[in-house]
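Please work through the following exercises with the sequence and the model at hand. Each task is followed by a solution in steps.

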Amino acid sequence: MTESKNDITLNQILRILPLRIRKAVSSAVTGCFSQIHEIVLRSSRPVCIYKNGVQYFLTENGCLTSLSDSQPLVIISANEMTECFNFACGHSVYSHINEIKEGFVTINGGHRVGISGTAVVSNEEVTNIRDFSTISIRISREIIGCGNELAKHLFESKEGLLICGAPCSGKSTVLRDIARILSSDYLCRVCVIDSKSELAAVYKGILQKDLGMCDVMDSYPRDVGIMQAIRLFSPEYIICDEIGSESDVNALLSGVNSGVYFVATMHAGSLSELKSRRYFTSIVSTGAFKKIAFLSGRESPGKVKSYIESCDFYA
């Protein structure tokens, strides 16, 4: 029997969990995995599973419960935390060191594993992380059709769009679907700069997520990827996730001057939060984004709550 996408996704997550935790999680999420969006492991503390935005705890008999219940909870050990980290890295920490320095590892399927612990610092820069205190596994999913409205607007208006939202509001999910629709339904030339390997989840050159007919620059720094995409692929649209640095500003300017339309995301749950972002004013001044869309939040991932014209930012 062919595995469903849900089964494949669950297996990708289970594969990086220590055996004892794996068995309990598998039992607890059977039948409701489509509603699970995050699994959080905290050293010497109960395992948390977030279902439909609500926090639950994993019991030793493989169920989900609230902390007020008296059932014995699964407590993860420091050794199991290290085991999970090694599984996430495919037992090749060195090959993931650039990601680790940024506090995450992306596993097969595009799922982001956030890592916190004791920073190893050299010359005032984080070079590694040890003694892991928290490992947060954020589950990446496709919601086919969630980008229909935005993709139609982008194709008809021929202008750039900045998508903003709080964590877990579906920013990457929407970007992924927009890329698929623009490249396959509207036959546009689209290049995706997948700097964290989350959008396309490329594995051995094969896209694990449906991005249609996009050209994907996997694991490239955004500014480098944007410049190479312009030179190599002549894109109409460039799609990238989590912009917000000085180097992004320069790359956006180069793209705008080359006639490229950008679709990108920033972490911000509201206009006031967006205004507080360090390089936002510079990013808007590039002219790369004519409109800003705010997503609803965790409860309705991928759903647009409101729009503003970027020129109104200064109002």
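**Exercise 1: Backbone at two loop positions**

Serine 44 is exposed (over 50% relative accessible area, 1.4 Å probe, protein chains only; buried is under 20%, partly exposed in between), its relative accessible area being 52%. The model is a predicted one, in which local features need pLDDT of at least 70, side-chain atom pairs count only at pLDDT 80 or more, and totals for chains, interfaces and linings use all residues. Residues are numbered from 1 along each chain as its sequence is written, and side-chain values use heavy atoms, without hydrogens and water.

Task: State where serine 44 is placed and what sign its phi has.

Solution.
1. Serine 44 sits in the loop between E1 and strand E2 (48–51); strands are DSSP E runs of at least two residues, helices H or I runs of at least four, numbered from the N terminus.
2. Its phi is positive, about 65°, although serine 44 is not a glycine.
3. Asparagine 52, in the loop between E2 and strand E3 (54–58), also has a positive phi, of about 50°, without being a glycine.
4. Asparagine 52 is exposed, with a relative accessible area of 53%.

**Exercise 2: The largest nonpolar core**

Task: Determine how many residues the largest nonpolar core has and which element supplies the largest share.

Solution.
1. A nonpolar core is a set of buried Ala, Val, Leu, Ile, Met, Phe, Trp, Tyr and Cys residues joined through side-chain atoms within 4.5 Å.
2. The largest has 35 residues, and Val25, Ile39 and Leu41 have the most contacts inside it.
3. H2 gives the largest share, five residues.
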